[in-house]
Amino acid sequence: MSRQLRCAAIHDISCLGKCSLTVALPMLSAAGVECCCIPTAILSTHTGGFRGYTYRDLTDDIVPIARHWRSEGFKFDSFYTGYLGSPAQVEIVRKVFRMLDPEHEALRLVDPVMGDNGRLYSGFAPDFPKLMRELVCDADVICPNITEAALLTDTDFHDSDQSRDYILELLGKLSELGAKRTVLTGVQFAPNELGAAVYEDGRAEFVFAPRVEGMYHGTGDVYASALLACLLRGRALRDAAEFACRFTAKCVEVTKLTMPDVNYGVRFEAVLPELIRELEN
Ligand code: PXL
């Protein structure tokens with residue numbers, strides 16, 4: 001058995017609805033990675049599709065957790081950030097990187113969770129994307145969807161009429177901003193395929209899986225967690241991005257059979273054996 005891999009995951013806990021930490025924790029665990037949680041907030045549900053949710057901000061707990069970990073000398077193979085509830089948290093996450101990984105040895109995956117379908121999620125101020133740009137520069141890999149890439153780069157959002165040039169424009173602008181390696185999700189050139197563009201060393205490659213109809217909540221978190229699991233287990237970026245496409249598509253397919261309501265997330269639990277099998281050797 002190889003040594004225990006460890007990831008510090010900095011996301012919210014949405015108590016019901018399968019996203020952020022309630023996805024990252026089981027998925028990374030299944031992949032053999034210890035998921036060390038830094039919860040940024042506790043919400044009764046996620047904010048996309050439910051009303052009246054509670055929100056307890058945990059900004060003040062983040063640095064003390066990191067300080068304790070530093071004093072114990074804990075080391076991390078990876079840092080994984082997702083939904084951050086406030087502008088202050090973006091700055092604090094950057095500080096946590098500096099505190100726990102001053103030599104920048106760990107893999108930093110930043111999922112710049114901010115919006116979908118061309119719009120910022122409720123609760124985010126219009127200037128949030130500007131702050132997120134700074135975290136993008138600190139990352140080794142980012143995995144925005146098209147909306148987030150457009151917001152980060154001040155580019156118009158195109159959904160149904162995506163062209164190869166539009167995708168390459170977004171990737172080029174993200175690289176100019178300082179993103180080192182990008183996996184851009186939600187890329188669709190043909191009606192029956194959905195995938196990602198992988199940008200590394202100035203080159204773009206595309207990976208696809210069969211498109212399953214339905215916009216289920218939390219698929220971005222499933223995608224990012226599968227991507228990170230594969231990267232930490234030694235897979236190349238392109239291969240990790242391709243597996244994550246197939247895995248996420250399968251999750252949607254399985255979910256559609258029994259759960260028409262898209263707000264409750266996907267049944268990734270049923271597909272975890274495929275992640276485990278993929279990482280067997
Ligand atoms: O899946 C992204 C996400 C994470 N956390 C919270 C959210 C969302 C998306 O809506 O509301 C609280």
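How many bridges join strand E9 to E10, and do the two strands run parallel or antiparallel? In this predicted model, five bridges link E9, which spans residues 181-187, to E10, and the two strands run antiparallel. Two of the facing positions are easy to pick out in the structure above. Thr182 sits across from Tyr199 of E10, and Val183 is placed opposite Val198 of that strand. The connection between E9 and E10 is a hairpin, with five residues leading from one strand to the other.

Following the chain onward brings the reader to the next pair. Strand E10 covers residues 193-200 and strand E11 covers residues 203-210; eight bridges hold the two together in an antiparallel arrangement. Val198 is a handy landmark here, since this residue of E10 faces Val183 and also stands opposite Glu205 in E11. Further along, Glu200 has Arg203 of E11 as its bridge partner. The hairpin of E10 and E11 has two residues between the strands, and Asp201 adopts a positive phi near 50° there. As a general guide to reading such pairs, side chains in a regular strand alternate between the two faces of the sheet.

These strands belong to a wider assembly. The sheet is open, counts nine strands and shows mixed pairing, with the order E3-E2-E1-E4-E5-E8-E9-E10-E11. Its edges are formed by strand E3 (55-57) and by E11, each of which pairs on one side only. In the strand order, E10 therefore lies between E9 and E11, the two partners described above.The ligand offers a second point of interest. The space that it takes up is the largest pocket of the model. Around the ligand there are 13 residues, and those that come nearest are Asp12, Ser14, Thr47, His217 and Asp221. By character, the shell is made up of five nonpolar, six polar and two charged residues.

Three of the nearby side chains can be described at the level of atoms. Asp12 places a polar side-chain atom 2.8 Å from a nitrogen atom of the ligand. Oxygen atoms of the ligand are approached by the other two: a polar side-chain atom of His217 lies at 3.1 Å, and one of Asp221 lies at 2.6 Å. On its own, the ligand has 310 Å² of accessible area, and the protein covers 97% of that area.

Key:
Residues are numbered from 1 along each chain as its sequence is written. This is a predicted model: local features need pLDDT of at least 70, side-chain atom pairs count only at pLDDT 80 or more; totals for chains, interfaces and linings use all residues. Side-chain values use heavy atoms; hydrogens and water are left out. A residue is near a molecule or strand if one of its heavy atoms lies within 4 Å of it. A polar contact is a pair of N or O atoms within 3.5 Å; within protein, one must be able to donate a hydrogen and the other to accept it, and residues adjacent in sequence count only if both atoms are side-chain atoms. Accessible areas come from the Shrake-Rupley method with a 1.4 Å probe; for residues, only the protein chains shown count as cover. On a 1 Å grid over the protein atoms alone, a cavity is a set of points where a 1.4 Å probe fits but cannot get out, and a pocket is an open set with protein on both sides within 12 Å along at least five of seven lines; lining residues have an atom within 4 Å of a point. A molecule sits in a cavity or pocket if more than half of its atoms lie within 2 Å of its grid points. Ala, Val, Leu, Ile, Met, Phe, Trp, Tyr, Cys and Pro count as nonpolar, Asp, Glu, Lys and Arg as charged, and the others, Gly among them, as polar. Two strands pair if DSSP finds at least two bridges between them. Helices (H or I, at least four residues) and strands (E, at least two) are DSSP runs, numbered from the N terminus.
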